[in-house]
There are 2 protein chains.
Amino acid sequence: MADVAAAAGVSAMTVSRALRRPDTVSEEVRARVEEASRRLGFVPSRVASALASARTMTVAVLIPSLTNAVFIDLLAGVQETLSPQGYQPLVGITGYGPEAEERVLRTQLAHDPDGVILTGLDHTPGTWDLLRSLTIPVIHTMDLAAEGEHSDCPVQTVGFSQYDAGYAVGAHLAARGRRRIGLIAGQLDPRTRQRCDGWRQALRDAGRHDPALELMVPDATSVALGAELLERTLAAHPDTDALFLCNDDLAQGALFQCVRLGIPVPERLAVAGFNDLAGAAWTVPPLTTVATPRRAIGVEAARLLIAGMADRTPKSRENPRRVDLGFRLMVRETT
Amino acid sequence: MADVAAAAGVSAMTVSRALRRPDTVSEEVRARVEEASRRLGFVPSRVASALASARTMTVAVLIPSLTNAVFIDLLAGVQETLSPQGYQPLVGITGYGPEAEERVLRTQLAHDPDGVILTGLDHTPGTWDLLRSLTIPVIHTMDLAAEGEHSDCPVQTVGFSQYDAGYAVGAHLAARGRRRIGLIAGQLDPRTRQRCDGWRQALRDAGRHDPALELMVPDATSVALGAELLERTLAAHPDTDALFLCNDDLAQGALFQCVRLGIPVPERLAVAGFNDLAGAAWTVPPLTTVATPRRAIGVEAARLLIAGMADRTPKSRENPRRVDLGFRLMVRETT
DNA sequence: GCCTCGTTTGTTAGCGGTAACATGCGCTCC
DNA sequence: GGAGCGCATGTTACCGCTAACAAACGAGGC
């Protein structure tokens, strides 16, 4: 920067100003500095800038996994919103564990991010303490804070009601006249559980809930697992005539397995998934599922964060927002 | 740090040493510093550390897209290898464009990463200039540098031969006795083109190449596109009896469409994909495809990078490595 | 003509660590 | 008994930039 300053015949401070806030210097100086800067190939060090200005222009983004398309879409929304504003996402992977999340968050915080985006609301007490002590904005995604919940620590959430979405699927299957409606769930994180809770309540409201038809396993979900659990369910309860699989991977696996076993879908068995992943509309038959606004959640979370990072007075803390982006039941041919 | 130093009765420098390289201080001092550090909740600022030591402990990772599972797997491999070593990946998205890549690389470099991982070898001259001027290690992935290529700028590559992989598919289809073998490709990045080149050569070697059966479109690939392009191909050339789709998304779409149209696979039409994505083994019938070591490439690239970042003498520059991790043709039932 | 004010540029003093060198101390060894 | 050495710790001077304040200058008001 000193070299550029000398070349442009100004002080280092003026170079800094000319490049960061061109409107604060005279047009002539700005031009000279830009020319010199370009000629010398000057790239200001963000590290030094961060140390001096206490703004790193980075944002910690914690997601459970890279192999689940849901969080990738979330990340993509965050990324595409932050990047144009000059913010660099710092991606951290928590592996669905609150303890790991706390560890990852701590290492991320050492990088002094200007904001934090988290997945879900299921944090350790240590994480809550940490968040409470932060002076930077924090957004929780993919879920909504219940009214009054976390009153000790105001939270901003951007997401949708997993419970309501699960309820919608249950109600839909019941409305289709199905009587033996089963559930298959894996990867039992809090959001999956809420979906199952919603589904269960819908069936209770319809007077058709049978706990025996619930198959919940802790394993990571996959197409293969969906195929396997379908077989287990049908072996144990051959009269099952509808199934909610808590995500599309499982649903696709189940669907493939139905084709293999010669089980007509939806005639003999209705199948519903969750998330509306890329291929869901193209399976044979096309899969009924719930479209979730994952990318939009990422975009909105990043927007709110940018707003919060812009004004240094953290008023957002007193005025926690709760942005419900909803969901859509995509009724296709499997039900 | 000054507070911790005072609390532990030592100098700031000793605190720094006690926390970063515990073996360089006495056992007793180390214990005192750790206790004080924990009690005060001290988290060393990586930003300040970076400025003083000229090591940011970050790595720029540039991939074309977040919505293609191939690069997510690559990223996952990189992430899981870098994280335990204390390195933080800085993810940049290039959107498959060399110009965008150069822009993204420039902004990433402002963060002073200690290393760079790039996708492919298709860079702008400006990017090559930039890379040549860097003193940090750089790894190119997903492709292999040809012998003698880029002799002006030694490159380290970790990947596999896209050409050979394409050749293997072509040879396989020919060996199955197919005579009218078509090609469907989208997202025409250099790696896709190489696969197509390999496939084409295989068919020429078998004496069965017909350029009319090649359908190459620039659009981003998707399941929907695969279905659409299958119809177009069959409409134009109803006698097609085998198809290579340049990735699994397209192949799955084509496969679904075959089921819909009542075209028996593989009896009437053989279908081969590329990448062996998660669901490929579970489609009906299971998809023949090429398993590519994407995650392993990420892991190996990160390993090489860590080695290069560890010794400050950039000897690796003189001794460029070319790590071929190969591929596997997964022959399943669609061929 | 002098004072005030706004605009542009410069000066100073850090931001929070760490590299490099200096110091002090206990030991071994001749 | 003193030179010489190795280890543990301290001191100094930055790393490259920017906040905050100071200064210089021209324009307008009375």
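Visitor: Before we look at B:Ser26, what counts as a polar contact here?
Guide: A pair of N or O atoms within 3.5 Å. Keep in mind that this is a predicted model.

Visitor: Fine. How far is the polar backbone atom of B:Ser26 from a phosphate oxygen of DNA strand D?
Guide: 2.9 Å.

Visitor: Which other backbone atoms reach a phosphate oxygen of that strand?
Guide: A:Met1 has one, with a polar backbone atom 3.4 Å from a phosphate oxygen of DNA strand D.

Visitor: And a base nitrogen of DNA strand D, what is 3.3 Å from that?
Guide: A polar backbone atom of A:Ala48. As for elements, α2 (12–20) and α4 (46–53) of chain A, plus α2 (12–20) and α4 (46–53) of chain B, each give two or more residues to the surface near DNA strand D.

Visitor: Which element gives the most there?
Guide: α4(A), with 5 residues.

Visitor: How many residues surround DNA strand D, and which are closest?
Guide: There are 22. The closest are A:Ser16, A:Arg20, B:Thr14, B:Arg17 and B:Val29. Of the atoms of DNA strand D that come within 4 Å of the protein, sugar and phosphate make up 65%.

Visitor: How does that surface divide by residue class?
Guide: Near DNA strand D, 13 residues are nonpolar, 7 polar and 2 charged.

Visitor: Switching to DNA strand C. Which residues come nearest?
Guide: A:Thr14, A:Arg17, A:Val29, B:Ser16 and B:Arg20, out of 23 around the strand. Sugar and phosphate account for 61% of the DNA strand C atoms within 4 Å of the protein.

Visitor: What does A:Ser26 do with DNA strand C?
Guide: A side-chain N or O atom of A:Ser26 sits 2.9 Å from a phosphate oxygen of DNA strand C. B:Ser45 brings a polar backbone atom to 3.2 Å from a phosphate oxygen of this strand.

Visitor: Where does A:Leu51 come in?
Guide: A backbone N or O atom of A:Leu51 is 3.5 Å from a base oxygen of DNA strand C. α2 and α4 of chain A and α2 and α4 of chain B each give two or more residues to the surface near this strand.

Visitor: Which one gives the most to that surface?
Guide: α4(B), with 5 residues. The surface near DNA strand C holds 14 nonpolar, 7 polar and 2 charged residues.

Visitor: New topic. What superposes chain B on chain A?
Guide: A rotation of 180° with 0.0 Å of shift along its axis, at an RMSD of 0.1 Å. The two copies are therefore related as by a two-fold rotation axis.

Visitor: What share of chain B's contact residues recur in chain A?
Guide: 100%; the same surface serves both copies.

Notes: Residues are numbered from 1 along each chain as its sequence is written. Chains are lettered from A and ligands numbered from 1 in the order in which they are written. This is a predicted model: local features need pLDDT of at least 70, side-chain atom pairs count only at pLDDT 80 or more; totals for chains, interfaces and linings use all residues. Side-chain values use heavy atoms; hydrogens and water are left out. A residue is near a molecule or strand if one of its heavy atoms lies within 4 Å of it. A polar contact is a pair of N or O atoms within 3.5 Å; within protein, one must be able to donate a hydrogen and the other to accept it, and residues adjacent in sequence count only if both atoms are side-chain atoms. Helices (H or I, at least four residues) and strands (E, at least two) are DSSP runs, numbered from the N terminus. Ala, Val, Leu, Ile, Met, Phe, Trp, Tyr, Cys and Pro count as nonpolar, Asp, Glu, Lys and Arg as charged, and the others, Gly among them, as polar. Copies are superposed by least squares on the C-alpha atoms of residues with pLDDT of at least 70 in both. Contact means heavy atoms within 4.5 Å.
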